[in-house]
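Got the viewer open? Let's take a short walk through this model, one selection at a time.

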Amino acid sequence: MTSRAARAGLTVVRQVRSVLHPASDRPAEPGSTASGWLAVTVLCDPSDLADTPLPAPLAELGDDVEVRLTPAPGDKGTELAVRLRERGTSGGERGRLTGSDLTSDLRSALRKAKQLIEVGEVLVVDPAPHGRRTATPGGVLLEAWTKVAPKAGVR
């Protein structure tokens, strides 16, 4: 019964996304996720990052990623953008649900790299002492989303 509810919820999310953000209405611009680039604005000068090695989360991805550093609009820091070198290898919807999506790994690594550059450490949230939430179908769904949340992001 829980898997039916999860599938129904996922179907609703897909339908809402397709209505709100139809892919055919948008051209693939260089900075958009349709082009494969994921970007964050980092609060530092571009020259500060140009001479330093990549932060560990991005460096661990090695030659699988392409990195681009540009000044952020309005002189607000540096835009750190990354994308997978081989398009179509991300894993898709099924990969996101099972936790084996390379795009999600890339998004997570980019977020951690931003934190390392700005703060010097990766910030983590202590688990809430809530006990078990798996007694209800809603609790099972909430636990599943909590596990994949660190890799999630805006599409």
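Start by selecting Val 40 and Leu 80: these two are bridge partners, with Leu 80 sitting in β3. Keep in mind that you are looking at a predicted model.

Now widen the selection to the two strands, β1 (residues 38-42) and β3 (residues 78-84). They pair in the antiparallel sense, over five bridges.

Stay on β1 and show its side chains. Which of them are buried? Leu 38, Val 40 and Val 42, and they point to one face. Ala 39 and Thr 41 point to the other face and are not buried.

Next, click back on Leu 80 and bring up what it touches. Leaving aside residues up to four places away in sequence, its contacts include Leu 38, Val 40 and Val 42, along with Leu 58, Val 67, Leu 110 and Ile 117.

Some of those names come up again at the next stop, the largest nonpolar core, which has 14 residues. Select Val 40, Val 42, Leu 58, Leu 80, Val 82, Leu 106 and Leu 110: these touch the most other members. β1, β3 and α5 (102-118) each give two or more residues to this core, and α5 has the largest share, with four. As a general rule, nonpolar side chains in soluble globular proteins tend to be buried together.

Finally, zoom out and color by secondary structure. You should find six helices and three strands, running α-β-α-α-β-β-α-α-α from the N terminus. Of the chain's 155 residues, 22% count as buried. Switch on the surface to finish: the chain exposes about 10700 Å², and carbon and sulfur atoms supply 58% of that.

Definitions and conventions: Residues are numbered from 1 along each chain as its sequence is written. This is a predicted model: local features need pLDDT of at least 70, side-chain atom pairs count only at pLDDT 80 or more; totals for chains, interfaces and linings use all residues. Side-chain values use heavy atoms; hydrogens and water are left out. Buried means under 20% relative accessible area, exposed over 50%, partly exposed in between (1.4 Å probe, protein chains only). Two strands pair if DSSP finds at least two bridges between them. Accessible areas come from the Shrake-Rupley method with a 1.4 Å probe; for residues, only the protein chains shown count as cover. A nonpolar core is a set of buried Ala, Val, Leu, Ile, Met, Phe, Trp, Tyr and Cys residues joined through side-chain atoms within 4.5 Å. Contact means heavy atoms within 4.5 Å.
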